[in-house]
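Me: I am new to reading structures and would like a careful look at one part, with enough of its surroundings to see where that part belongs. Could you take one chain and walk me through it slowly?

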Amino acid sequence: EEPHPGGVINFVAPYGSSFSSLDIHASAQVQDEFWTKAIHRSLYDWDANDNKPVLGLATDVSVSDDKLTYTYKLRQDAYFHDGKQMTADDIIYSYTRIMDPGKAYPAAQYISNIKGATEYNQGKAKEISGLKKIDDFTLAITLTDPIDPGYQLMTNYTAIYPAGAADKPDFFTHPVGLGPYKFSEYVPGSRLTVVKNDKYYDKGKPYADKINIMIMGDASARDVAFRNKEVDVSVLGPAQYVAYKSDPELAKNIIEVAEVYTRHVGFNPDFKPFQDKRVRQAINYAIDSDLIIKRLAKDKAYRASGWLPVSSPAYDKDSKPYPYDPEKAKAQLAEAGYPNGFEFELTATQNESWGLTIVEAIIPMLDKVGIKVKAKPVESSVLSEAVPGGDFQAYMWSSESGPDSLTALRCFYSKTPQSSCNYTKFNNPDYDKLIEAARQAKTDDEKNELLRKANNLLQEEAPVWFFNYNKAVMAYQPWLHGVQPNSMEMAIQSYEKLWVDETAPAR
Amino acid sequence: MNDCPEPLLRVEDLSVHFPVQGGVFSRSRRLLRAVNNVSLSLNKGECLSVVGESGCGKSTLALSIVGLQAPTSGAIYFEGKPITGTVQPSRMGRAQMAQIVFQDPYASLNPRQTVFTSLAAPLRLHGIEAGEVEGRVEEMMRLVGLKPDQAKRFPHEFSGGQRQRIGIARALVLNPRVVVLDEPVSALDVSIRAQIINLLLELKERLELSYIMISHDLSVVEHMSDRVAVMYFGQIVETGPWNSIFDNPTHPYTRRLIGAIPDPFAELAGTSLVDEASAPPPPAGFDFYPKEFGKHDVYSLPPPSQLVAIDVDHHVRLVPAH
Amino acid sequence: MLRFVLRRLLQMIPTIVAVSLLIFVIFSVVPGSIASSMFADGRGANDPKLVERIKQEFGLDRPVYVRFGDYMWQLAHFDLGTSFRTRQPVADMIGERLWPTLKLAFAAMCVAIVIGLPLGFIAALKPGSILDSLTMVGAISGLSLPQFWLGLLVMYLFALTLGWLPSFGYGDGGLRNIILPALTLGVAPLALLARTTRAAVLEVMNADFIRTARSKGMNSFLLVKWHVMRNALVLVITTLGLQFGSMMGQAVVVEKMFSWPGLGSLLIDSVSLRDIPVVQGSILVLVLCFLLVNTLVDVLYAVIDPRISHG
Amino acid sequence: MSEALLDVKDLRIDIVAGGTSHNAVENVSFAIGRGETFGLVGESGCGKSITALAMIGLLKPPLITSGGSIRFKGQNLLELSAREMRKLRGNRIAMIFQEPMTALNPLSPVGRQIAEMFVLHQGATWHEAEKKAVEALASVQVPAPDQRVKNYPHQMSGGMRQRVMIAIALACNPDLLIADEPTTALDVTVQAEILKLMQELCDARGTAVLMISHDLGVIAKMCRRVGIMYAGHMAEERPVSDVFRTPAHPYTKGLLSSLPRLGSRGSHGRKRLQEIEGVVPSIADFPAGCRFEPRCDRASAICVKQKPVEVDLGNDGFVRCFHHE
Amino acid sequence: MGLRLNLVIGGVLCVLIIAAAVLAPWLAHYNPIMDADLMNAELPPDGQFWFGTDSQGRDVFSRILYGAQVSLTVGIGSQLINTIIGLIFGISAGYFGGWWDDLVSGLTNLMLSIPSLIFALAIMAVLGPGLPSLLIALGLTNWSWTCRIARSSTLSLKSQGYVQAAKTLGYGDARIMATQILPNMIGPVLVIATLGMGDAILSEAALSYLGLGIRPPQPSWGNMLTDARELIVIAPWAAIFPGVAIFLTVLGLNLFGDGLRDWLDPHMRTRRA
Ligand SMILES: Nc1ncnc2c1ncn2[C@@H]1O[C@H](COP(=O)(O)OP(=O)(O)OP(=O)(O)O)[C@@H](O)[C@H]1O
Ligand SMILES: Nc1ncnc2c1ncn2[C@@H]1O[C@H](COP(=O)(O)OP(=O)(O)OP(=O)(O)O)[C@@H](O)[C@H]1O
Ligand SMILES: [Mg+2]
Ligand SMILES: [Mg+2]
């Protein structure tokens, strides 16, 4: 079907009840990516179909032999919404701003791999030495490590602003970017409206004239609004997933994708029973994860058989998840010296997919093998303080486990501190060796093979209970087309690819 | 003021002022001068009546005497010893000196306590032995003309007159020397009043009590009192023995007060209690204070004036004439 | 009159200071921080250095009393500080959100007044009638409903089943969008108002001066018009003022469930993200609204009731 | 007496609540001639106020008039429609209540409250009515009436407020004024002024007055005839002078001798007051026979069994007692 | 009308709820936490699961019975705290007056001016979810009404004859407050407490909705309702029964409190009669 230009899309930003800021550099909230994706562009783009970063603002890149310097040929057809043409200066400006020594912009984590960025940030340098403008449309970026910068520089948080933008007084009330849509109106806490950018570099796109990005935190409200045809997409929770799938009309327009998140319960080795691998495995045996996924998560998840998600190139299709085997679990516990089980506290947030709802289901299962679980409900900002701080016996969380498998698995590298992401203080020399080798690997295949091994080792060691990988499900109205299976974050769509046909209710 | 050695109770120069707020739109805080420089004395076995119009400070004076209202200035002496200010005795100590009977028999008993509890609790508090308490309560009930077995009941099971008897019993249970009666009969039915008046007079004789009685009803005042003090706007304007006051009212306010009494028998006989024509003039060189009524302001300080003796123990408030 | 208002406004200062202190103390011991909230959704690795830097940037590494001193100093200059999250002035952020909340609160109050007041009046004028009983049963039921449940029910009924109204959001700020949240928020005050009005009218009808008015030969209509209405209103007004306060609190729930872009949802978001300056600012503004409304009530009260103004 | 202005015959008032019924007032009869002042005395709760309210048709449930007649200028008020009664009320029959503090609307200026009368009964506009209100206020001797009309009740003293009440009551020159303890809440000196004022005004306008009081002094001062009520019965109804000189009913006699008399201590020394033993029975347990019987020293067997009937004493008076003097 | 209908209905409802809470271990067919069989999830009401099952396969009926324990604990516990604080502050402020009264009045106004749900929310954020935190949060935030009532009752009782008499008889202040004043204000305070219990139960539900309620898996009506909100299309019973339970309980408490007020307030009595 031919894309159909024109029309209005009513999109939903489903996670919080507001955007935190119209300065994406300063934000760390996924919610803010919804409007950024419309207004801004980063150096790289994410190819949702191929699951890999692709060049966005550059047409070509050459890599030095040491894999440290990347030289980009920038697009010459990219114009900011205010008409100014994008040049290398804008990129240097944006990255430098993110590393502003006076500010602690969260986006800095994505830039800190550029040489000299950290020095600049600490005030030890006047500029970031790794950013070199060769000419207006040629930019060289030097890294500190031989990693693929695509994964970092594709994030929406590293959006490119026009140089000097932040000095303009109204920039953060009327943001200007390179994206397919131009800022139009913002009703704080409710809605952000963007209109078509006719000068978008990807010719022919975008299609729709206008997009209303509505903010809706409450799932039931969202459900009502979707059924009421007030919004064109809705991210579904498990219960809704069932309801929508069983509704012949609604079921037609559902898109599912395996997202790069691994839901798990992490065990703190400071808590004595968890030092024993058999105990950790026993827990993996004792929980009927399939049942939980089937009944509670309503199949809106993929059973985890290790850390790396299904979409990961290093995912081992042959690896089997822990089977449900309470007898084995009991035996393991007895062997480990806990024939009567023990009690532990499980810190979790109120979340139906990776929080208390799951904990509630685990409690009776573990009880059957003698392990008493006490739920400790916390707010999410408390969880993310307690876990890196080691202030837990066990926690339940959903962690990003992609798209870059190496980055994901480095969270179990023994030199990665707990405060960073080795929350279970995993320390296994064999594992460390695999990771180091993977870093040095010459080819992707070799790297993926090593990572596959590491992942399997991880599963065997069971520093966590491997629960599931998220299956993101989005329902869309029949008149909406071009929805992409984005495994990074399903709900964040490339708006320029969306279009509505004439059956869309006129609004 | 008195040539007797030392009266049982002496009030000296007592003033009570209340700070009050104006309306919401004004921020003024004013002093309401409820009692101004009142001096009184009460002898043993005497009934001193205080009369005056509503709001003139009678109750405030009464409350100060029983220690329920701290005076702003002045002092009260009991048997020559001060009972106000820094040297005042404890509440417990004071309890045996003076007690009070209130006007409203309905509000003066705790509805949640039986009569027995109301009477026995103060006894226990004052260390009367448990064995004696019951006997004492019984005695008090009989004393005020109630049946001892009625003590088991709650106040709402009694009529107004009976409640007033219980109120009197409670005031007397600790054997106080002085009893302050704040309009003891004005809330009672006409046919009940006589019972209470008779009871009070009887008890006074029997227990050698001294009364300070506040009343609006001048016929009751005449019937019961030995001495009378007339108050007007926080000040005493005339004081003297009862017969002197009623036979020879001198201050215009006293005369007005007596003149206004609607006495049925006088009405029918067509006689009037005071003869306006024969109003006595103020002593030479003085004017009565106040001369005019109805123009008083409780918030301002009254001009200086003095109580002058015009007869034995009969004083009238005067200001020098100009 | 003006002086009275000024004095009342001045009297708010201690309350404001005390509220600030209280809120400050509470949120200085609350676990979690703006830094940790940035990693709450499990995206990316936790970055301890960034956490440090964030704490530094916002001065969270300084002792509590220094921070409080700073905060009060700012407040004294009518500065609510800068949001941790957006780095915008808190006052601006609140400014954007205040209007929707006030709009919602006033709409809910209107629902309550327009329906509750007459209902209470009618019930009181015919005590013991069917209408009276129904009103009172309705009122008590209205006070017994969990608000978010009620919200869900009206959403399903009016938006989904009947399709009359949009189920959520601010829309273009028009009437259609405000109806459901205002209804949800207004039910409790409506019920309370109907009850209070009824009680007040009954109380006034029982007053001695009503007997006087009747003895003048007045009919019921004039009686109500000349003597009952104002007197009952005096009794009802206080309820209105206080009701407004608790409504400001309930607005948090209602705004969250209807995605209403008000102060309540800002507050809830900011609490969960530990954007403390915004939390403090929003609560302060909510309290200020409450105090202002109640000052207004007092003034109104004094205007209607001469006993108060003249002391 | 020729045709009385108000003629009450065998009035009966019951309290009917939740299926049970108690009698509050029974067999009350009296008559008031034009321009006459009639007194009604009795203890608290004996039914004076509800009798008065029945006269003006303001009894509210649970109180109902269940018998007898109230003839006002020959018309039985109990048979009038609500509308007809409203026309009389305030206009021909006016009432003053006991509590000057609460009887006026606190939120309305007194002038307006007086003016309402003219608007209601004389069809005056508010403007005219307000002018008349000033005159009315002047007629009750309130100084500076043109200023005072703007005052709210709380800005006035009790005596002033009672004057306002009188002004309201007399605004339409009623034929009958019912004054329910108009001075009980006031100081004696103020009481004297108010009574004098009422007397003067009513004399001047020829208004008949039903004066209710429990103060025999007030009755003696104001009234020619008096009815003495006890527990919902009219004990005796006679000219005032007769009652005081030769009380016929034992209750009246006991009442008079229980009063301390001014001046008697001076001449005869202090004598113990006569007491009436016992207490007034409550409505729920009124005795079946004579209601004073339990407290009466003359009571006999018949008093227990049978209700006494009116005994004519001549001189337009009667007593309700088997053993009257 | 001899017996007040609202008192009777309210009383019956309250007694039923209390009975449900107390008898939960005997009435419930299932353990509200451990008897979770995901195979039985979201079953509609039938002979086995009277109120159906929730998404975890737990018996809604049993959970509602056990939830009654939590709701009543929250209601009664928080009101107990509120009442005690309110009485102590209110009576002492009314009785002593002066600066203490000013201070307490200031505090009361302060508490009234912060919307109590927001205050509770803040306290819950500090203490974290759980029953004890909830008791503290709701117990500390709603005492101002009791305090006001206690203060104004004390002010009027203070001038009553019997309180004055107690002073002249030598009673100490504490004894007067405890024996003469407190017993005479029990009525209105009880009314406030009863109505407050209803409010506390509703607040528990609201806080659960905001994610700051009782610790799961312990059943409370608030968190049952919050969990079931999502299910309302596929398993409405899981949302309807706890909602109805809250409604009936709060209704019962409100009716009872109302009836109590009518019954205790003689003014209202004659008015209604
Ligand atoms: N606690 C108080 N605070 C402020 N003013 C008071 C207080 N107590 C009494 N007053 C005022 O002091 C004045 C005198 O009051 P008090 O009760 O002594 O009068 P009273 O002579 O007993 O009057 P009544 O005959 O009406 O009982 C009155 O104006 C009264 O309003
Ligand atoms: N609305 C009512 N409901 C029930 N009983 C009432 C009502 N009004 C009056 N009564 C009863 O009727 C009786 C007569 O009351 P009424 O007011 O006429 O007495 P009163 O003689 O005027 O007394 P007082 O001198 O105290 O004014 C009283 O026993 C009273 O309790
Ligand atoms: Mg007094
Ligand atoms: Mg009366």
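Reply: Let us take chain E, in what is a predicted model. Of the 273 residues of chain E, 62% count as buried, where buried means that a residue has under 20% relative accessible area. What chain E still exposes comes to about 9700 Å², and carbon and sulfur atoms supply 70% of that area.

The build of the chain can be read next. Chain E holds 12 helices and zero strands, and so, when it is followed along the sequence, its pattern is written α-α-α-α-α-α-α-α-α-α-α-α. The C-alpha trace of chain E spans about 75 × 50 × 30 Å along its principal axes. How far apart in sequence are the residues that touch one another? Among the contacts in chain E that link residues at least 6 apart in sequence, 70% join residues that are at least 24 apart.

With chain E described, we can turn to its surroundings, beginning with the way the chains meet. Eight pairs of chains are in contact, and of these it is chains A and C that share the most contacts. Chain A and chain B, by contrast, are joined by no contact, and their closest C-alpha atoms lie 41 Å apart; chain A and chain D do not touch either, with 46 Å between their nearest C-alpha atoms.

One interface can be followed in more detail, that of chain D with chain C. The size of an interface is often given as the accessible area lost when the parts come together. For chain D and chain C, the area buried between them is about 2300 Å², of which 61% lies on carbon and sulfur atoms. The contact draws 30 residues from chain D and 24 residues from chain C. Within the area that chain D buries against chain C, D:Leu107, D:Leu120 and D:His154 supply 26%, more than any other three residues.

Finally, there are enclosed spaces to consider. Rolling a probe the size of a water molecule over the atoms shows where empty space is left. A search of the whole structure finds 13 cavities of 30 Å³ or more, and the second largest cavity has a volume of about 90 Å³. Residues of chains A and C line this second largest cavity, including A:Tyr110, A:Tyr157, C:Met38, C:Phe39 and C:Arg43. Sorted by class, the lining of the second largest cavity is made up of seven nonpolar, two polar and two charged residues.

Terms used: Residues numbered from 1 in each chain as written. Chains lettered and ligands numbered in written order. Predicted model: local features only at pLDDT ≥ 70, side-chain atom pairs only at ≥ 80, totals over all residues. Heavy atoms only, no water. 1 Å grid on protein atoms, 1.4 Å probe; cavity = no way out; pocket = protein on both sides within 12 Å on 5 of 7 lines; lining within 4 Å. Points joined across faces, edges and corners; volume = space filled by probe spheres on them. Nonpolar A, V, L, I, M, F, W, Y, C, P; charged D, E, K, R; others polar. Helix = DSSP H or I, 4+ residues; strand = E, 2+ residues; numbered from the N terminus. Buried < 20%, exposed > 50% of the residue type's maximum accessible area, 1.4 Å probe, protein only. Contact = heavy atoms within 4.5 Å. Areas by Shrake-Rupley, 256 points an atom, 1.4 Å probe, with all protein chains shown as cover. Buried area = accessible area lost by both parts, 1.4 Å probe.
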